[in-house]
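Q: Could we go through this model together? I would like to begin with helix packing and then turn to the loops.

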Amino acid sequence: YHWGRTAHLTSRVATQAGSVTSGSEYWVALGFDGPPFAIVERSEKAYKPFVGDAVPREEVPTGDPAFDARFSVRCADADWVQAVLEPQVRARLLELPLLFLVQTDQKVIFPLYFDGTRLFTATGVSMQEAWGVMDRTPLFLDAAILLVESMSVARQG
């Protein structure tokens, strides 16, 4: 778990006293560097500040209409996307709630943007929604583990 300035995906909030930088995220170790890769719900906005950094600009359709309608897959390497997101992986991810997964720095990370008392207002998420996200941590971990396993298999293949 990374929190505060130690998080990879941090939020910066301007205050009267200056800018506050913080973040909150869980991660699963990948053990190797693959191309930067992100899976985000199309309705999710919190990933946008990271586009061009941890979240690639390029969107790669998977060819699965249901998956592509719900998720934006971002990676510069279309072959890697196809190798990682095989049909059974896509089917499992479609069963899970809101996702924002990013592969970077040998980890698959899912951010919570939670500072212990509130979600940053910049993300536009209410406190009630924030606790709902926190309550889904095991599901996010399941999704991150699934992606790590699939990436490891794709790398060997």
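**Helix packing and loops**

A: In this predicted model, the axes of helix α3 (residues 87-94) and helix α5 (residues 137-156) come within 10 Å and cross at roughly 170°.

Q: Is that roughly parallel or roughly antiparallel for α3 and α5?
A: Because the crossing angle is over 145 degrees, α3 counts as roughly antiparallel to α5.

Q: Which residues make the contact?
A: On the α3 side they are V89, R92 and L93, and on the α5 side D142, A143, L146 and S150. By character, the residues of this contact divide into four nonpolar, one polar and two charged.

Q: Staying with α5, which of its residues are buried?
A: The buried residues of α5 are T137, F140, A143, A144, L146, L147, V148, S150, M151 and A154. A143, L146 and S150 are thus buried, and they also take part in the contact with α3.

Q: What end-to-end distance does α5 have, and what should it span?
A: At 1.5 Å a residue, the 20 residues of α5 should span 28 Å, and the C-alpha atoms at its ends are 29 Å apart, which agrees.

Q: Stepping back, how many helices and strands does the chain have?
A: There are five helices and eight strands in the chain. Their order along the sequence is β-β-β-β-β-α-β-α-α-β-β-α-α.

Q: What share of the chain is buried, and what share of contacts joins residues at least 24 apart?
A: Of the 157 residues, 48% count as buried. For contacts between residues at least 6 apart in sequence, 64% join residues at least 24 apart.

Q: Now the loops. Where is D64, and is D64 buried or exposed?
A: D64 is in the loop between β5 (37-41) and α1 (65-70). Its relative accessibility is 16%, so D64 counts as buried. The D64 side chain reaches the backbone nitrogen of A66 at 3.2 Å.

Q: What about P56: where is it placed, and what does it contact?
A: P56 also belongs to the loop between β5 and α1. With a relative accessible area of 9%, P56 is buried. Leaving aside neighbours within four places in sequence, P56 is in contact with P36, F37, A38, V51, R74, C75 and A76. One of these partners, C75, is 19 residues from P56 along the chain, and their C-alpha atoms are separated by 5.5 Å.

Q: Which backbone angle stands out at D105 and Q106?
A: D105 has a positive phi of about 50° although it is not a glycine. Q106 likewise is not a glycine, and its phi is positive at about 60°.

Q: Where do D105 and Q106 lie, and what are their accessible areas?
A: D105 is placed in the loop between β7 (100-104) and β8 (107-111), and Q106 is in the loop between β7 and β8 as well. D105 is partly exposed, with a relative accessible area of 43%. Q106 is partly exposed too, at 34%.

Q: What does A29 touch?
A: Not counting residues up to four places away in sequence, A29 touches Q106 and V148. V148 is among the buried residues of α5. A29 itself lies in strand β4 (residues 24-29) and, at 47% relative accessibility, counts as partly exposed.

Q: And how far apart are the C-alpha atoms of A29 and D105?
A: They are separated by 9.1 Å, with A29 and D105 being 76 residues apart along the chain.

Methods:
Residues are numbered from 1 along each chain as its sequence is written. This is a predicted model: local features need pLDDT of at least 70, side-chain atom pairs count only at pLDDT 80 or more; totals for chains, interfaces and linings use all residues. Side-chain values use heavy atoms; hydrogens and water are left out. Axes are lines fitted to C-alpha atoms, for helices over the stretch in contact, and angles run from 0 to 180 degrees between N-to-C directions. Helices (H or I, at least four residues) and strands (E, at least two) are DSSP runs, numbered from the N terminus. Angles under 35 degrees count as roughly parallel, over 145 as roughly antiparallel, 65 to 115 as roughly perpendicular and the rest as oblique. Contact means heavy atoms within 4.5 Å. Ala, Val, Leu, Ile, Met, Phe, Trp, Tyr, Cys and Pro count as nonpolar, Asp, Glu, Lys and Arg as charged, and the others, Gly among them, as polar. Buried means under 20% relative accessible area, exposed over 50%, partly exposed in between (1.4 Å probe, protein chains only). A polar contact is a pair of N or O atoms within 3.5 Å; within protein, one must be able to donate a hydrogen and the other to accept it, and residues adjacent in sequence count only if both atoms are side-chain atoms. The expected span of a helix is 1.5 Å times one less than its number of residues.
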